[in-house]
Amino acid sequence: MAAPIDLSGSASLEQQAYSVALELQRLELAVAPESRPDQIQVAFDTEGSTVGIAMSLNTTLTVTNGNAVIAVIPYL
């Protein structure tokens, strides 16, 4: 499992989301190419001043006493 990401320098929830996406992408790129996952994409649009983030994470669903809990499965 990866180490926690330091988000103390992120002033907003949006900045935190961006920081997490970049860190996940960095960790994916550290995996050898033949077994590298491709579950996160970060795309920059410099003309539109936007960043697009797409991620696909495997999950588990557990229902206990009628309460559904979705948990993300670590993959890095």
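Is Arg-26 buried, exposed or partly exposed? With a relative accessible area of 46%, Arg-26 is partly exposed, and the legends below return to this residue before turning to two loops of this predicted model.

**View 1. A salt bridge joins Arg-26 to Glu-23.** The closest nitrogen and oxygen atoms of Arg-26 and Glu-23 are 2.6 Å apart, and the count of salt bridges in the model comes to one. Both residues belong to helix α1, which covers residues 13–29, and because they are three residues apart there, about one helical turn separates Arg-26 from Glu-23. The relative accessible area of 46% given above for Arg-26 lies between the limits for buried and exposed, so the residue is described as partly exposed.

**View 2. Ser-49 has a positive phi in the loop between β1 and β2.** The loop that holds Ser-49 connects strand β1 (40–45) with strand β2 (50–55). Phi of Ser-49 is near 55°, a positive value in a residue other than glycine, whereas most residues other than glycine have a negative phi. Ser-49 is also exposed, with a relative accessible area of 66%.

**View 3. Asn-65 has a positive phi in the loop between β3 and β4.** Here the flanking strands are β3 (59–64) and β4 (67–72), with Asn-65 found in the loop between them. Phi of Asn-65 is near 50°, which is again a positive value in a residue other than glycine. At 79% relative accessibility, Asn-65 counts as exposed, because that class begins over 50%.

How values were computed: Residues are numbered from 1 along each chain as its sequence is written. This is a predicted model: local features need pLDDT of at least 70, side-chain atom pairs count only at pLDDT 80 or more; totals for chains, interfaces and linings use all residues. Side-chain values use heavy atoms; hydrogens and water are left out. Helices (H or I, at least four residues) and strands (E, at least two) are DSSP runs, numbered from the N terminus. Buried means under 20% relative accessible area, exposed over 50%, partly exposed in between (1.4 Å probe, protein chains only). A salt bridge is a side-chain nitrogen of Lys or Arg within 4 Å of a carboxyl oxygen of Asp or Glu.
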